[in-house]
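Here's a quick look at how some helices and nonpolar cores fit together. Have the model open while you read.

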Amino acid sequence: LLDAHEVKVAMRALGFDVKKEEVRGLIDEVCGGGGGARDQHNAPLMDLAGFVDIMTEKFATRDPRQEMVKAFQLFDEQNTGKISLRSLRRVARELGENLSDDELLAMIEEFDRDGDGEINLEEFLSIMLNDD
C-alpha cells in the first residue's frame with residue numbers, strides 16, 4: 001500500500017509533476033472517498049492496482065508533442081532555442097556515449113535544415129517524428 005508521499009514520488013519518477021493536493025484527490029478517487037486502508041494518521045492508502053489504473057490513464061492522456069518539447073529542453077540547457085555541438089556533447093557524455101566531435105557534427109549536419117550549425121525545436125521535432 002502507498003501513502004500520498006510515496007504516490008507523489010513514484011509519479012515524479014515517471015515524469016509527472018504533481019502537487020500533494022492532486023495526489024490526495026487521486027487517492028480519494030481510487031479508494032472511493034472514505035473506504036479502504038488507512039495509515040496510522042488515518043490518511044487513505046492506495047494499492048498497486050489503483051496506482052496502475054491512475055498511471056495508465058495519465059500516460060494515455062500525455063501529449064506526445066509536449067513530451068518531445070520537454071526532451072528538447074533537456075538538450076537546450078542554456079534556453080537558446082537551439083541544440084549546439086556543446087550541448088549535444090554534454091548530453092552524449094551524460095548518457096555514457098563516447099562520440100567524437102566529428103560524429104556529433106555529422107548528426108547535427110544531417111538534420112540542420114536552415115544551415116546554422118545547430119538544431120532548433122522544429123528541426124528536433126522533425127527528427128523525432130521521422131518527418132523527412
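What follows covers one helix pair, one residue and two cores.

This is a predicted model, where local features need pLDDT of at least 70, side-chain atom pairs count only at pLDDT 80 or more, and totals for chains, interfaces and linings use all residues. Numbering runs from 1 along each chain as its sequence is written, and side-chain values use heavy atoms, with hydrogens and water left out.

Let's start with α4 and α7: their axes come within 10 Å and cross at roughly 120°. That makes α4 oblique to α7 (neither under 35, over 145 nor 65 to 115 degrees). Here's who makes the contact (heavy atoms within 4.5 Å):

| Helix | Residue range | Contact residues |
|---|---|---|
| α4 | residues 64-75 | R65, M68, V69, A71, F72 and F75 |
| α7 | residues 121-128 | L121, E122, F124, L125 and M128 |

By class, that contact has nine nonpolar, no polar and two charged residues.

S126 also sits in α7. It's buried, at 9% relative accessible area (buried means under 20%). Leaving out residues up to four places away in sequence, S126 touches R113 and D131.

Now the cores (buried nonpolar residues joined through side-chain atoms within 4.5 Å). The largest has 13 residues, and V7, M11, V23, I27, M46, F51 and M55 touch the most other members. Helices α1 (4-13), α2 (20-30) and α3 (48-60) each supply at least two of its residues. Another core, of ten residues, lies apart from it and includes F75, V91, I119 and F124.

Definitions and conventions. Axes fitted to C-alpha atoms, helices over the stretch in contact; angles between N-to-C directions. Helix = DSSP H or I, 4+ residues; strand = E, 2+ residues; numbered from the N terminus. Nonpolar A, V, L, I, M, F, W, Y, C, P; charged D, E, K, R; others polar. Buried < 20%, exposed > 50% of the residue type's maximum accessible area, 1.4 Å probe, protein only.
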